[in-house]
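Colleague: I am new to reading protein models. Could we go through one together, feature by feature?

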Amino acid sequence: MLSKNSACYALRFTCVLAAVLILTLAGRAQIQPIRVIAFGAHPDDCDLGAGGLAAKYAAHGDKVKFVSITNGDAGHQSMRAEELAKRRRSEAQEAGRRIGIEYEVLDSHDGKLLPTLDVREHVIREIRQWKADIVIAPRPNDYHPDHRYTGVLVQDASYMVIVPDLVTDTPPLKHNPVFLYYSDRFTRPQPFRADIVVSIDDVFEKKINMLDAHVSQFYEWLPWTEGQFEQVPKDPAERKKWLASGPLASRKLQQEWRQALERRYGTQAAGVQHAEAFEITEYGRQPSEEEIRKLFPFFPDR
Ligand SMILES: [Zn+2]
């Protein structure tokens with residue numbers, strides 16, 4: 001039988017142990033990284049739409065993965081497909097390395113993507129394996145069929161990721177992630193709606209540095225398609241400056257994003273120059289304002 005003193009010590013010890021356990025669990029819950037996976041059709045699409053956001057998450061200690069569904073092997077004026085696919089894969093990996101995220105390039109051919117069951121199941125696996133809290137993809141209305149079908153594929157995966165009887169080789173997610181669309185300028189059948197606008201002024205250099213890794217695109221293919229190939233500076237530092245001043249990379253804040261920006265940044269919104277905007281899709285989890293602030297820990301305190 002325990003003496004009164006020993007019983008008291010035992011009780012105190014149990015209390016201290018319980019307190020330590022609660023504090024440890026609370027601490028762990030706080031430092032649990034946010035997990036984000038973004039899909040693009042080509043190995044620079046995610047970078048343009050969410051490179052700034054990804055750089056912010058990476059700096060915050062969160063986990064981001066970019067996945068290009070095609071290998072981009074049709075995006076050049078002179079390189080052959082096989083050689084180009086190899087080059088673009090290594091450019092994508094370098095881009096990811098520059099901001100501290102993972103970057104995977106899948107094997108579908110550029111310009112030939114179709115929303116098949118095979119690719120959909122691959123998308124489901126990617127989202128499940130990443131244990132994503134947030135999934136980002138293009139809207140399924142777009143000029144480019146690869147962009148459109150990437151949007152369809154991710155949209156079609158957005159409920160299936162929690163269904164246990166599908167893709168049984170990869171455990172389903174317990175909770176449906178929040179699915180977001182990148183911003184775009186298409187208006188039919190309806191224009192993009194800016195639900196979440198994040199200032200990327202603090203990581204703008206990082207985003208440019210990421211885009212700069214896609215040499216075959218931003219300094220060769222895209223200027224060539226726009227008749228500007230001769231204007232690209234040869235010097236690496238000069239061409240990066242040229243890229244930063246161009247309309248593609250800079251993603252200036254759009255007027256119609258102002259309202260969402262002001263809602264979260266208050267008076268600081270007036271000073272924001274560069275931003276990325278996202279629309280919450282109807283098909284994933286619908287986050288409350290409180291959850292949005294947890295998933296996007298970049299907004300100033302209210
Ligand atoms: Zn693209």
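Modeller: Gladly; we will look at the metal site, then the core, then two helices. Keep in mind that this is a predicted model.

Colleague: Let's start with the metal. Which protein atoms are the donors of the zinc ion?

Modeller: To read a metal site, list the donor atoms and their distances. Here the donors are His42 through ND1, His147 through NE2, and Asp45, which is listed twice through OD. They lie 2.1 to 2.5 Å from the zinc ion. Along the sequence, the donor residues follow the spacing H-x2-D-x101-H.

Colleague: Why is the arrangement around the zinc ion called irregular?

Modeller: Look at the angles between donors. Four donors count as tetrahedral only if all angles lie between 85 and 135 degrees. Around this zinc ion the 4 donor atoms subtend angles of 55 to 124°, so the arrangement is irregular.

Colleague: And are His42 and Asp45 buried or exposed?

Modeller: For that, compare the relative accessible area with the cut-off: buried means under 20%. His42 has 7%, so it is buried. Asp45, at 17%, counts as buried too.

Colleague: Next, the core. Which residues have the most contacts inside the largest nonpolar core?

Modeller: That core has 57 residues, and those with the most contacts inside it are Tyr57, Phe66, Ile134, Ile136, Leu180, Val197 and Phe296. Helix α2 (residues 45-59) gives the largest share, 8 residues. Another core, of 21 residues, lies apart from it and includes Phe39 and Trp130. As for Phe296, its contacts beyond four places in sequence include Leu53, Tyr57 and Leu180.

Colleague: Now a helix. Where do the buried residues of α5 sit around the axis?

Modeller: Find the buried residues, then see how they are spread around the axis. In α5 they are Asp146, His147, Thr150, Gly151, Leu153, Val154 and Ala157. They cover an arc of only 165°, so they are on the same side of α5. Among the elements they pack against are β1, α2 and α4.

Colleague: How does the length of α3 compare with what it should span?

Modeller: Its 19 residues, at 1.5 Å a residue, should span 27 Å, and the end C-alpha atoms are 27 Å apart, which agrees. The buried residues of α3 include Leu84, Arg88 and Ile99. They cover an arc of only 135°, which puts them on the same side of α3. The face turned away from that buried side carries the exposed residues Glu82, Lys86 and Arg97.

Colleague: What comes just after α3?

Modeller: Gly100, which takes a positive phi of about 85°.

Key. Residues numbered from 1 in each chain as written. Predicted model: local features only at pLDDT ≥ 70, side-chain atom pairs only at ≥ 80, totals over all residues. Heavy atoms only, no water. Donors = N, O, S within 2.8 Å, 3.2 Å for Na, K, Ca; no water. Tetrahedral: all angles 85-135°; square planar, octahedral: opposite > 155°, others 65-115°. Buried < 20%, exposed > 50% of the residue type's maximum accessible area, 1.4 Å probe, protein only. Core = buried A, V, L, I, M, F, W, Y, C linked by side-chain atoms within 4.5 Å. Helix = DSSP H or I, 4+ residues; strand = E, 2+ residues; numbered from the N terminus. Contact = heavy atoms within 4.5 Å. Arc of directions from axis to C-beta. Expected span 1.5 Å × (residues − 1).
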